[in-house]
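Trainee: Please take one part of this structure and look at it closely. I am new to it and would like a connected account of the largest pocket and what lines it.

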Amino acid sequence: MLALSRFDLEEIATALADQTDYEHRWLINPQTGEIVFWTADLGVDGRAPVDLDDLDLVCIEPLPSYVWYQDMADFAERISDEAVGRRLARAIQGKGAFRRFRDELHEEYPHLLPAWHTFRAVRAQRRAVEWLADNSLIDDEAATRFVTEHPDPDLP
């Protein structure tokens with residue numbers, strides 16, 4: 001097992017959040033922690049197609065969108081300004097929730113953007129660490145310590 005510091009948690013979080021629908025995968029080398037991007041037509045080097053089964057890498061499957069949706073719901077619920085929280089909660093109802101939430105923050109509450117980005121980043125990093133532990137790339141003790149040391153930030 002590699003030390004947690006060998007992994008790029010931000011890049012793993014990006015892979016876990018990747019909901020695009022074209023034929024690609026994020027992969028991690030369990031020996032080095034290096035993350036590579038694979039596509040069906042260009043492989044991992046951008047020049048030669050290669051079958052995923054021929055690679056000695058672990059696939060980082062994206063988490064379902066409801067996991068990331070919950071971050072928006074929790075953020076809206078925990079904001080101290082109840083009127084803002086209600087507006088953000090309304091924005092995430094129905095199809096297009098992610099876009100509407102982003103638009104509402106940018107257009108109506110830009111002062112909350114730093115708090116949102118920090119909140120989302122902390123949760124994404126915790127998910128990346130939990131994914132590493134679930135895939136036996138780090139030990140459970142390191143994961144538990146990281147999660148404990150990185151609680152949700154206080155919100156305005």
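Mentor: α5 supplies seven residues to the lining of the largest pocket, the most of any contributor. This is a predicted model, and the pocket described here is computed from its atoms. α5 covers residues 113–134. Three other helices each give at least two residues to the lining: α1 (9–17), α2 (65–78) and α4 (97–108).

The space inside the largest pocket amounts to about 570 Å³. Its lining is made up of 21 residues, and those closest to the centre of the pocket are A17, W68, F98, W116 and R120. To place these residues, compare their numbers with the helix ranges: A17 falls in α1, W68 in α2, F98 in α4, and both W116 and R120 in α5. Rolling a probe the size of a water molecule over the atoms shows where empty space is left.

Now set the pocket within the chain. The protein chain contains six helices and three strands, and from the N terminus they follow the order α-β-β-β-α-α-α-α-α. In that order, α1 comes before the three strands, while α2, α4 and α5 come after them. Contacts across the sequence can be put in numbers too: of the contacts with a separation of 6 or more, 61% are between residues 24 or more positions apart.

As for the chain as a whole, 39% of its 156 residues are buried. Its C-alpha trace spans about 55 × 35 × 20 Å along the principal axes. The accessible surface is about 9300 Å², and carbon and sulfur atoms account for 49% of that.

Note on methods: Residues numbered from 1 in each chain as written. Predicted model: local features only at pLDDT ≥ 70, side-chain atom pairs only at ≥ 80, totals over all residues. Heavy atoms only, no water. Helix = DSSP H or I, 4+ residues; strand = E, 2+ residues; numbered from the N terminus. Buried < 20%, exposed > 50% of the residue type's maximum accessible area, 1.4 Å probe, protein only. Contact = heavy atoms within 4.5 Å. Areas by Shrake-Rupley, 256 points an atom, 1.4 Å probe, with all protein chains shown as cover. 1 Å grid on protein atoms, 1.4 Å probe; cavity = no way out; pocket = protein on both sides within 12 Å on 5 of 7 lines; lining within 4 Å. Points joined across faces, edges and corners; volume = space filled by probe spheres on them.
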